[in-house]
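I wanted a few local details from this model in my notebook. The entries below follow the order in which I looked them up.

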Amino acid sequence: MSLKIPILSTLILLTCSFSILHSQNVGVLAGSVKDKITQEALIGVTLMVDGTTLGSVTDVNGNFRIGDIPAKSYNITASYLGYAPQTRFNVVVTSGNTNFLNFELEPSSNTLNAVVISENRSVRVASLETPLSIQNLSVEEIKSNPGGNFDISRVVQALPGVGGTAGSVGGFRNDLVIRGGGPNENVYYLDGMEIPVINHFATQGAAGGPTGILNVSFIEDATLASSAFQARYDNALSSVLPFRQRDGNPERFQGNFRLSGTEAAITAEGPLGKKNGPATFLASARRSYLQFLFSALDLPIRPDYWDFQYKITWKLNPNTTFTTLGVGAIDQFYFAAPKNSTPENNYVLGSVPSINQWNYTQGFALKQLRKNGYWNLVFSRNMFDNQLDQFEDNFNADQTDEAKRVLKLNSQEIENKLRFDYNGYTGKWKYSYGAMAQYVKYNNSTFNRIRSEVRDSLGNILQPALSVNFNTDINFVKYGLFGQINRTLLQERLGLSFGIRADGNTFTTNGNNFLRTLSPRLSFSYALAEQWKLNASVGRYFKIPPYTVLGFRDSSSTLVNQDLPYTRTDHYVAGLEYVPTPTLRITLEGFYKDYTDYLVSSRDGISLANQGGDFGIIGNEKVTANGKGRAYGLELFLQQKLSKSLYFVGSYTLFRSEFSGSDEVLIPSAWDNRHLVSFILGKKFKRNWEMGLKWRFQGGAPYTPFDLDASQRNYALVGRGILDYSQLNAQRLGNFSQFDFRLDKKWNFKRSTFDLFIDIQNAFVQKNPAYPQFTLERLADNSGWATTDGQMLAADGSNGIPILLSNTEASVVPTIGFIVEF
């Protein structure tokens, strides 16, 4: 209660203060309308603000502007003769910033005798290439997500089939576990440019982390495809997540400043040069102050990060657009002495490495409209620098004493990418084709003591020492080709799409053999009635092993993983879509994913499908590709867009996820939660109040118990318990459940807006189990190990006092913050 009273008092005080100053103000909507197929500007399109008489018509450049709109939330509809109407839902109009919308209308060739699709069905997000297993979130659904903290990766976890590492202490990380696949099976794109790292403190080889990098103020929407991937996307086994960014304001300079319980961020945008000129910009910077919060809470870790983002758009002529964008982050994770020496704090000090990371993605894109189509040319470069350090005692140890070093890793991943795609149509046929080439450079210098030598009283070796020490430097070329063709038949009732892709590389033994990565995919969609669609797809997808695996060298400096094939998965999906109203969409889908050539650790004999949900690095070892796996289940999804001031998203997924190790026996994977439930409800009230509620449920995650003897022998060295892989995933945690609450209030002034919000994660103070942790007891003053005989800790840990931490404490995270638009 001591946390809640000041927050509530502050909220009431600020509400009363701003209400005195507040008067009704108006805002502006602007944007553009294009033909979705040709990308040409549409002239004379009617734009209407639903529920009002306000509207506009696009000019000769396809642009529109609607002014004097009372500040609140609306649905905006674009309609044009010969095209299906489109609605953008939950568009927030404020007096502080002009809101820009980009519409892409699809031609409609309906006749009176055809199945009518001319009614507004904007809630549908499917395409001919991806008619199912696809969801979309608007920027407002991302911003107002309770417990989301403006983090896109966290918000996506509300969609069907998307789970997270609920067994980690404190709840979810941003490891996207989609339909039972591992966190490294997803790919991410920003305006058509691949972005490998989207989280701070990323796990190398898996991409997950505790908090996202992307600035939500840049985002127009995010789309998640969990199957039926378009052939243009390579290296995806479980999902493709493209983020679409908006352009900057061409009329005037504007921006926003956001301050929350964990960070401060500023975003600016405007024209480059003259007003309404050909070039615009977006730029932002964000700074974390989690280190101060963690210090106040007496936690031993100090996470500290910056991130930066920009986008410049320059319309060279009516048919050619040049875009440059960049995203970068600087992360530091270090330790400090806690005031209280608790087993939990001591475990963190001993088990987690210090982290120094930085990464960036920078690129240029050229888009040109042609007769009956358009092409894109994208060049980008991304780099990830990762440094990890760990000592036998991260706090008390001399950080320069190499004799006590457990881990030292310096690694860099660099990719230079060139992508080209052409998209066109002829009659009722739509097609696309393209190619990509990448120059990859990977460096890694690793020293890792995995086990120490243990001898008995007679000097006999009970446990040999095990360590990894290597330097590697590899570079090679990746390349790929794709083609896709689509067609509608039977008066547009039937939609068919066929795509094919092949990828190769100059590094692996059989990397230049296109036949080994030939990946066809076929999609089918049939309109049973105006509101009902039957959809199905089948496809084969490949992924090259992570660079951490490919670059590993053994003690003789031999590249031992060079003969690995691409990992393969075959998807089989079918489902129904029901759209009873223009704002409500319901889908039911069944899926089956079959994995072959999955990577398995040669040292432990376990599938790498069980790794990736922790800090550090995965795959830095010799592996084989004899693993198999399968994931299958059912998904139910309901999405109600803004209607009568209410919107909601609900989903339920019932699934199994099983993978085999070196024994080729399928067992539940670390992500086999069986049940995923998510429900989000948003309500708009008068005077610009908004409330959001979110509830998540996730079945208990499998886990592997500790080998207690081995854990005690090695704890002083590695700082964590040793798992008993003979009982891999043989036990399960209890279920995860969490309720989050968010309340927003906006005040609109003449040229600015103030948005005050309160966000409470785990508002019902529910206890959620996390993976148990093994540790040894420390002395009260934290000066050394407590022992059964009062002597120094023995080399084999036999006189240590073991503790098993259950990690079932409930944690509530209340946050109050504000956003100022100017």
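**Contacts of a histidine**

Leaving aside neighbours within four places in sequence, I find His200 in contact with Gly209, Pro210, Thr211, Gly212, Ile213, Arg286, Tyr305, Trp306, Asp307, Ala329 and Asp331. The model is a predicted one. I placed His200 in strand E13, which covers residues 199–200. Is His200 buried or exposed? His200 has a relative accessible area of 0%, so I entered this residue as buried. I also looked for a side-chain partner: His200 and Asp331 are joined through their side chains by a polar contact of 2.5 Å.

**Asn535**

I went next to strand E31, residues 532–543, where Asn535 is found. The relative accessible area of Asn535 is 3%. The cut-off for buried is under 20%, so Asn535 is buried. With neighbours within four places in sequence set aside, I list Pro131, Leu132, Phe524, Ser525, Val573, Ala574, Gly575 and Glu577 as the contacts of Asn535. Which backbone oxygen does the side chain of Asn535 reach? I found that of Pro131, at 3.4 Å. I also checked Asn535 against another proline, Pro250: the two are 285 residues apart in sequence, and their C-alpha atoms are 41 Å apart in space.

**Helix H7**

I read helix H7, residues 708–718, from its start to the residue after it. At the start, a side-chain oxygen of Asp707 comes to within 3.3 Å of the backbone nitrogen of Asp709. The buried residues of H7 are Ala710, Ser711, Gln712, Asn714, Tyr715, Leu717 and Val718. For reading such a list I keep in mind that an α-helix has 3.6 residues a turn, so residues three or four places apart point the same way. Gly719 follows H7, and I noted its positive phi, near 75 degrees.

**Positive phi outside glycine**

I then looked at two loop residues with this feature. Most residues other than glycine have a negative phi. Asp191 has a positive value, near 50 degrees. I located Asp191 in the loop between strand E11 (186–190) and strand E12 (193–194). Its relative accessibility is 25%, so Asp191 counts as partly exposed.

Glu664 also has a positive phi, near 60 degrees. I located Glu664 in the loop that runs between strand E35 (646–659) and strand E36 (667–668). How does Glu664 count, buried or exposed? Its relative accessible area is 54%, so I entered Glu664 as exposed.

Definitions and conventions: Residues are numbered from 1 along each chain as its sequence is written. This is a predicted model: local features need pLDDT of at least 70, side-chain atom pairs count only at pLDDT 80 or more; totals for chains, interfaces and linings use all residues. Side-chain values use heavy atoms; hydrogens and water are left out. Helices (H or I, at least four residues) and strands (E, at least two) are DSSP runs, numbered from the N terminus. Buried means under 20% relative accessible area, exposed over 50%, partly exposed in between (1.4 Å probe, protein chains only). A polar contact is a pair of N or O atoms within 3.5 Å; within protein, one must be able to donate a hydrogen and the other to accept it, and residues adjacent in sequence count only if both atoms are side-chain atoms. Contact means heavy atoms within 4.5 Å.
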